[in-house]
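Here is a short tour of one protein chain and the two ligands modelled with it. Look at the sequence and the structure, then read on.

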Amino acid sequence: MTLLSAPESATVEHELRGNILVVTIDHAPVNALNSVVRRGLIEAIDAAEVNPSVRAVLIVGAGRNFIAGADIREFGMPAQPPALPDVCNRIEACGKPVVAAIHGAALGGGLEVALASHYRIVVEGAKLGLPEVQLGLLPGAGGTQRATRLVGAESALSLMLSGRHVDAQEALRLGLVDRVGQSADVLNEGLAYAHELIATQAAPRRTRDARGLADQQASATAIAAARANTQKKTRGLLSPMKIIDCVAAAANLSFEEGLRFEREQFLECADSPQRAGLVHAFFAEREVQKSPETRAARSRPIRSVGVVGGGTMGAGIAVALLDAGLSVTMIERDGDALQRGRAHVEKVYDGLIGKGRLTQETKARALQCFHGDTSYDALADADIVIEAVFEDMAVKKAVFTELDRACKQGAVLATNTSYLDIDEIAASISRPHDVLGLHFFSPANIMKLLEVVVPPRVSADVVATAFDLAKKLRKVGVRAGVCDGFIGNRMLAVYRAAADHLMEDGASPYQIDKAVRDFGFPMGPYQVIDLAGGDIGWAARKRRALTRDPHARYVRISDELCERGWFGQKTGRGFYRYDEGARIGKPDPEVELIIATERERAGVAPRVFSDEQIVRRYMAAMINEGANVVHDGIALRPLDVDATLIHGFGFPRYRGGPMHYADTFGLDSVLADIREFAKDDPLFWRASPLLVELVARGANFASLNRAA
Ligand code: 3HC
Ligand code: NAI
């Protein structure tokens with residue numbers, strides 16, 4: 001037996017079992033293919049070739065997975081030999097049959113290792129895929145050439161362009177694998193298959209020789225269709241079109257030429273800022289789950305959940321909980337309100353059914369776990385209660401008093417407030433250590449972000465329970481401190497104000513929206529206001545009118561629209577005009593007239609802004625407030641800000657979030673912009689102390705992520 005190990009405990013062990021060399025990759029937690037594993041695989045194949053007792057090789061993964069892919073942590077670092085394409089070529093060239101026995105994840109480079117093997121068996125529960133596109137990459141170890149030859153251009157394109165995972169049965173149907181094992185015991189299934197191959201004297205069968213591209217017409221049609229559909233759908237992204245180019249290379253070039261072409265394209269993607277942004281996002285959404293509290297304490301059990309309030313948010317939250325298999329009890333003020341609450345929940349499901357995403361049966365099954373009541377006593381057994389009533393401190397306190405009375409000891413009591421002081425709510429009852437914020441985003445069953453708002457007195461295990469719930473709901477939980485707007489809405493208020501200033505200074509809302517979309521957001525800020533309803537922000541502005549700094553610049557344009565009852569899509573007019581039932585608006589000359597009048601009233605001589613100037617101001621405002629949020633301890637690290645903006649506010653994932661983007665852009669350039677803009681409005685454009693400090697030290701936001 002040989003063992004190859006590294007300080008970080010990656011090993012590739014190979015051991016002769018009868019006449020089969022069993023090669024076990026053990027690199028917790030997911031058997032990523034770092035340099036030790038790559039070297040170990042080559043050594044194992046070399047050992048098999050020279051040992052006359054070996055009749056077949058079996059590759060398996062230790063732990064819960066086969067191989068999750070290339071080691072993402074190595075990206076951007078100096079390359080260490082052997083390269084993964086060489087490892088795959090070595091496996092494929094082996095003169096003895098190589099079998100991959102797959103359980104858990106066989107993703108990216110992991111699937112490429114399996115494709116380079118000569119035979120493949122999977123067990124139920126396995127997930128196979130080529131998700132490189134989600135990291136700004138393409139399969140770069142022969143995957144574009146081998147998968148295409150094995151399953152044909154159409155299926156390979158569908159896998160590589162979506163990055164989706166397929167299960168054992170679909171993998172079999174597609175021809176990615178040869179068989180599905182009878183049991184979950186992957187080692188025994190693999191050994192049995194290898195024995196069978198030896199008994200039938202099966203020879204190495206190389207995927208490079210597979211005939212999936214034999215029908216040239218079908219391949220050409222699939223490639224042309226992918227080109228036509230992909231450009232528009234993946235606007236701005238580099239790797240999807242390159243994936244199609246690689247498939248075309250597989251169809252038109254020799255295997256060796258195809259591999260060379262794939263390598264060039266892979267390296268170009270690997271060097272791109274998009275790859276860096278997407279990998280940052282991948283790690284950020286995993287890091288955010290690690291807070292001081294989740295490290296220190298264990299979650300309380302969660303089985304049944306109470307939701308107080310059945311409006312927009314209460315209903316969406318109830319659906320999110322039901323979808324995660326939890327039992328939900330909704331409390332409303334009276335019978336009528338409860339009926340409306342239930343109708344809201346049903347409406348969310350009916351919307352999904354209308355879009356073909358859900359069946360009536362699934363809805364009926366989910367609703368079996370839904371109960372409604374008007375008495376808080378129905379929450380006596382709830383493990384956690386989420387309050388989503390009107391945004392009013394007195395109403396919220398009254399609800400929490402009832403929860404304090406009715407809920408069992410140890411129940412977690414959460415509020416979905418957007419802006420109110422959660423510490424004040426906590427202080428109003430006898431168990432402040434059980435109270436925290438769970439800030440969902442609308443629509444709550446869809447949006448991935450969940451801000452876990454941590455007031456000073458809450459127990460660590462309550463916070464751990466909130467993160468556990470986020471995981472159950474398949475949401476990205478981000479820890480936030482208590483302040484007006486927490487992380488996301490606090491930042492939104494500032495960069496929206498920057499957009500309003502731009503609008504009053506001369507840019508039209510339509511130009512601002514377009515510039516922001518071209519940067520990569522799915523919608524511009526004024527489209528979002530029209531979608532959410534202008535009245536929500538109007539109410540908040542009126543609430544804050546008394547506390548607003550009288551010297552701060554205030555743009556009245558939105559108020560003017562609201563005073564006319566133009567709240568956006570729901571009223572047919574907002575910043576845009578909406579034809580009956582339309583979701584895309586048209587620019588409105590009357591709005592432009594209102595803006596012109598407001599400019600005159602404010603004594604502003606309109607200027608022309610380029611799209612780039614718009615984006616620079618918008619981003620500088622966002623980054624500066626992000627820095628303040630970290631500086632004030634509201635976000636633990638810059639990466640928490642990044643995850644918040646990506647999952648709650650449509651920030652383009654391939655740019656990694658505003659703080660990662662700032663590092664890419666250069667913090668000194670951001671600071672120089674802010675100082676330039678401050679010449680016109682020093683009160684608004686006050687550089688964050690954290691930004692100033694980082695620039696003075698020549699450091700960046702990433703250094704704070706590493707230090708935390
Ligand atoms: N490299 C390095 N670390 C990885 C990794 C990888 N490929 N995949 C996962 N990890 C790490 C995670 O960062 C996490 O680390 P942490 O515990 O320190 O936070 C740990 O493994 C566990 O990951 P998850 O929390 O995501 O665990 P799950 O069980 O929920 O999911 C998984 C497991 C499905 C494998 C998921 O981690 C995943 O999708 N990983 C990425 C797979 C991928 O994208 N592979 C392609 C890589 S690119 C490539 O192969 C290029 C090639 O073509 C040349
Ligand atoms: P909504 O007005 O649609 O619903 C509120 C519901 O609470 C109503 O159904 C009402 O009958 C019920 N309610 C009021 N008082 C009650 C009481 N004492 N007991 C039981 N039920 C009571 O409001 P929405 O939009 O759902 O907002 C709820 C909370 O969620 C607010 O705190 C809001 O700030 C927050 N929030 C809202 C978001 C949004 O986009 N609408 C996003 C994130 C948070």
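Which element gives the most to the shell around ligand 1? Helix α11 does, with three residues. Keep in mind that this is a predicted model.

## Around ligand 1

The shell around ligand 1 holds 27 residues. Those that come nearest are G109, E112, E132, R286 and K290. Three elements each supply at least two residues of this shell: β6 (105–107), α3 (109–116) and α11 (273–287). By class, the shell has 16 nonpolar residues, seven charged ones and four polar ones.

Oxygen atoms of ligand 1 have polar partners in the protein. Two of these partners belong to the backbone: a polar atom of A70 at 2.9 Å, and one of G109 at 2.8 Å. K290 takes part through its side chain, with a polar atom 2.8 Å from a ligand oxygen. Taken alone, ligand 1 exposes 990 Å², and the protein buries 78% of that.

## Around ligand 2

How many residues surround ligand 2? The number is 23, and the closest are M313, E332, E391, K396 and S418. Helix α16 provides the largest share of this shell, three residues. At least two residues each come from α13 (312–323), α16 (393–406) and β16 (435–440). Sorted by class, the shell has ten nonpolar, nine polar and four charged residues.

Here too, ligand oxygens pair with polar atoms of the protein. An N or O atom in the side chain of E391 is 2.5 Å from an oxygen of ligand 2. A polar side-chain atom of R333 lies 2.9 Å from a ligand oxygen. V389 uses a polar backbone atom, at 3.3 Å. On its own, ligand 2 has 830 Å² of accessible area, of which the protein covers 79%.

The table lists the polar contacts of both ligands.

| Ligand | Residue and part | Distance to a ligand oxygen |
|---|---|---|
| Ligand 1 | A70, backbone | 2.9 Å |
| Ligand 1 | G109, backbone | 2.8 Å |
| Ligand 1 | K290, side chain | 2.8 Å |
| Ligand 2 | R333, side chain | 2.9 Å |
| Ligand 2 | V389, backbone | 3.3 Å |
| Ligand 2 | E391, side chain | 2.5 Å |

## The annotated domain

An unreviewed UniProt entry lists "domain: 3-hydroxyacyl-CoA dehydrogenase C-terminal" for residues 485–578 and 614–698. How much of each span is helix? Residues 485–578 are 59% helix and 2% strand. The end C-alpha atoms of that span lie 30 Å apart. Residues 614–698 are 69% helix and 0% strand, with end C-alpha atoms 27 Å apart.

Helix α20 covers residues 509–519. Its buried residues are P509, Y510, I512, D513, A515, V516 and F519. After α20 comes G520, with a positive phi near 130°.

## Four single residues

Start with N624, in helix α25 (residues 611–631). Is N624 buried or exposed? N624 is buried, because its relative accessible area is 5%. A polar atom of its side chain lies 2.8 Å from the backbone oxygen of R686. The side chain of N624 also reaches the backbone nitrogen of S688, again at 2.8 Å. Leaving out residues up to four places away in sequence, N624 touches I674, R686, A687, S688 and L691.

H647 sits in helix α26 (residues 638–649). Its relative accessibility is 14%, so H647 counts as buried. Beyond its neighbours within four places in sequence, H647 is in contact with E285, M447, K448, L449, V476 and R653.

P97 lies in the loop between α2 (84–93) and β5 (98–102). Its relative accessibility is 9%, so P97 counts as buried too. Not counting residues up to four places away in sequence, P97 touches R55, A56, V57, H118, Y119, A202, A203 and P204. One of these, H118, is 21 residues away along the chain, and the two C-alpha atoms are separated by 6.1 Å.

E693 belongs to helix α29 (residues 689–697). Why does E693 count as partly exposed? Its relative accessible area is 36%, and partly exposed runs between the 20% and 50% limits. The C-alpha atoms of E693 and T401 are 45 Å apart, with their positions 292 residues apart along the chain.

Conventions: Residues are numbered from 1 along each chain as its sequence is written. Chains are lettered from A and ligands numbered from 1 in the order in which they are written. This is a predicted model: local features need pLDDT of at least 70, side-chain atom pairs count only at pLDDT 80 or more; totals for chains, interfaces and linings use all residues. Side-chain values use heavy atoms; hydrogens and water are left out. Helices (H or I, at least four residues) and strands (E, at least two) are DSSP runs, numbered from the N terminus. Buried means under 20% relative accessible area, exposed over 50%, partly exposed in between (1.4 Å probe, protein chains only). Contact means heavy atoms within 4.5 Å. UniProt positions are given in the numbering used here, feature names are shortened, and annotations may be inferred rather than shown by experiment. A residue is near a molecule or strand if one of its heavy atoms lies within 4 Å of it. A polar contact is a pair of N or O atoms within 3.5 Å; within protein, one must be able to donate a hydrogen and the other to accept it, and residues adjacent in sequence count only if both atoms are side-chain atoms. Accessible areas come from the Shrake-Rupley method with a 1.4 Å probe; for residues, only the protein chains shown count as cover. Ala, Val, Leu, Ile, Met, Phe, Trp, Tyr, Cys and Pro count as nonpolar, Asp, Glu, Lys and Arg as charged, and the others, Gly among them, as polar.
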